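Okay, thanks everyone for coming. Let me put the structure up, and then I'll talk you through its charged pairs and a few of the residues around them.

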Amino acid sequence: MNYFILRIPFLAGLLTLLLYGHTFGQEIDTDKELPPLEKTGNGALLIDKFEDDTIGSLPWEWYNRDGKRKAVHPEERKLFHYSIKEENGNKFLHYEHTDARHLNFPLLNRPNLNIYEYPILSWKWRVKKMPEGGDENSSDYNDVAASIYVVFDIGRVALFKKVPKSIRYTWSTTQPEGEEFSKLFGNQKIVVVESGPKNMGKWQTFQRNIVEDYRRLFGDDPPETPIAILLLSDGDSTNSLAIADYDNIVLKRFKSN
């Protein structure tokens, strides 16, 4: 992958992340409050379940890699290879390509979000094709079948840039399940939650306590509100196809089955 984001709409002065020598974005000059996250029937906070989106389109509430504007904007739409699909009456987000391009769901300035009250990130995904030889811990083969990031506050200065801290949960082609490692001068922590072809083609549900993970991985307490949730599937480094689906992304009060 050639880039990571970050510019979130409605944030003042957020600097962008540096990855492999590429930088993006500029400061945003507004502090506009975002709408509160919708509550689900069981009291969780909904990030997205894609049911309100149009089949064949990009998801309405997600922004481009820089967070500059919604990815559904006509000038952005043609650059993305994600789209809404439906299966057995259920809508979900589908990716099928090689390009590395993040989707960004901004969280900062959501009035009802506090991860100490909603520490459990829960999501579903299904991988149908993994990038051949993809390895998130390699600069040469840095591709992933599916990944979801939680992006937090600004971390250490790296090459005169302020780099956001993030936890990236991945379904890896080659890295073993349970593996954890750091990148980007220690500011990005990667946690492999699924690996290899064993469960390919099956919906898998994961739950992670992002407060506990942050404390373990960074050694301090996270801010109450993360900056954003990111999604990324890609195969550009290995020039191989990745196919994955995403659904039911929520924040919960406690871990449950």
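I'll start with the ground rules, then go from the whole chain to single residues.

So, this is a predicted model: local features need pLDDT of at least 70, side-chain atom pairs count only at pLDDT 80 or more, and totals for chains, interfaces and linings use all residues. Numbering runs from 1 along each chain as its sequence is written, and side-chain values use heavy atoms, with hydrogens and water left out.

Overall picture. The chain has 2 helices and 12 strands; these are DSSP runs numbered from the N terminus, with at least four residues for a helix (H or I) and at least two for a strand (E). In sequence order the pattern reads β-α-β-β-β-β-β-β-β-β-β-α-β-β. Of the 257 residues, 58% are buried. Here buried means under 20% relative accessible area, exposed means over 50%, and partly exposed is in between, with a 1.4 Å probe and protein chains only. The chain exposes about 11,200 Å², and 46% of that comes from carbon and sulfur atoms; that's Shrake-Rupley with a 1.4 Å probe, and for residues only the protein chains shown count as cover. Contacts here are heavy atoms within 4.5 Å. Among those with a separation of 6 or more, 68% are between residues 24 or more positions apart.

Now the salt bridges. How many does a search of the whole structure find? The count is 9, where a salt bridge is a side-chain nitrogen of Lys or Arg within 4 Å of a carboxyl oxygen of Asp or Glu. I'll pick out some of them.

One of them joins the side chains of Arg126 and Asp245, at 2.8 Å from N to O. Arg126 is in strand E5 (residues 120-129) and Asp245 is in strand E12 (residues 242-252), so this pair ties together parts that are 119 residues apart in sequence. Arg126 is buried at 6% relative accessibility, and Asp245 is buried too, at 0%.

Next, Lys165 and Asp220, with 3.5 Å from N to O. Lys165 belongs to strand E7 (residues 161-172), while Asp220 is in the loop between helix H2 (210-218) and strand E11 (228-234), so parts 55 residues apart in sequence are tied together. Are these two buried or partly exposed? Lys165 is buried, with a relative accessible area of 13%, whereas Asp220 is partly exposed at 33%.

Then there's Glu180 with Arg216, at 2.5 Å from N to O. This one links distant parts of the chain, with Glu180 in strand E8 (residues 180-183) and Arg216 in helix H2, 36 residues apart. Glu180 is partly exposed at 34%, and Arg216 is partly exposed at 44%. Both belong to a network of salt bridges that links Glu180, Arg208, Asp213 and Arg216.

Back to strand E5 for a moment. Why call E5 largely enclosed by the rest of the structure? Because 7 of its 10 residues are buried. E5 pairs with E12 in the antiparallel sense over 8 bridges; for two strands to pair, DSSP has to find at least two bridges between them. In that pairing, Lys124 stands opposite Asp247 in E12. E5 also pairs with strand E10 (residues 204-209), again antiparallel, over 6 bridges, and there Trp123 stands opposite Phe206.

Asn209 sits in strand E10 as well. A polar atom of the Asn209 side chain lies 2.9 Å from the backbone nitrogen of Glu212. Beyond neighbours within four places in sequence, Asn209 is in contact with Pro119 and Ile120.

Now a charged residue without a partner: Arg168, in strand E7. Arg168 is buried yet has no salt bridge, and the nearest side chain of opposite charge, Asp234, is 5.0 Å away. For that, Lys and Arg count as positive and Asp and Glu as negative, with His and the chain ends not counted. What Arg168 does have is a side-chain polar contact with the side chain of Tyr149, at 3.1 Å. A polar contact is a pair of N or O atoms within 3.5 Å; within protein, one must be able to donate a hydrogen and the other to accept it, and residues adjacent in sequence count only if both atoms are side-chain atoms.

Last one: Ile148, in strand E6 (residues 144-158). Ile148 is buried at 1% relative accessibility. Outside its neighbours within four places in sequence, its contacts include Trp123, Arg168 and Ile249. Its C-alpha atom is 9.4 Å from that of Tyr246, which is 98 residues away along the chain.

That's my tour, so over to you.
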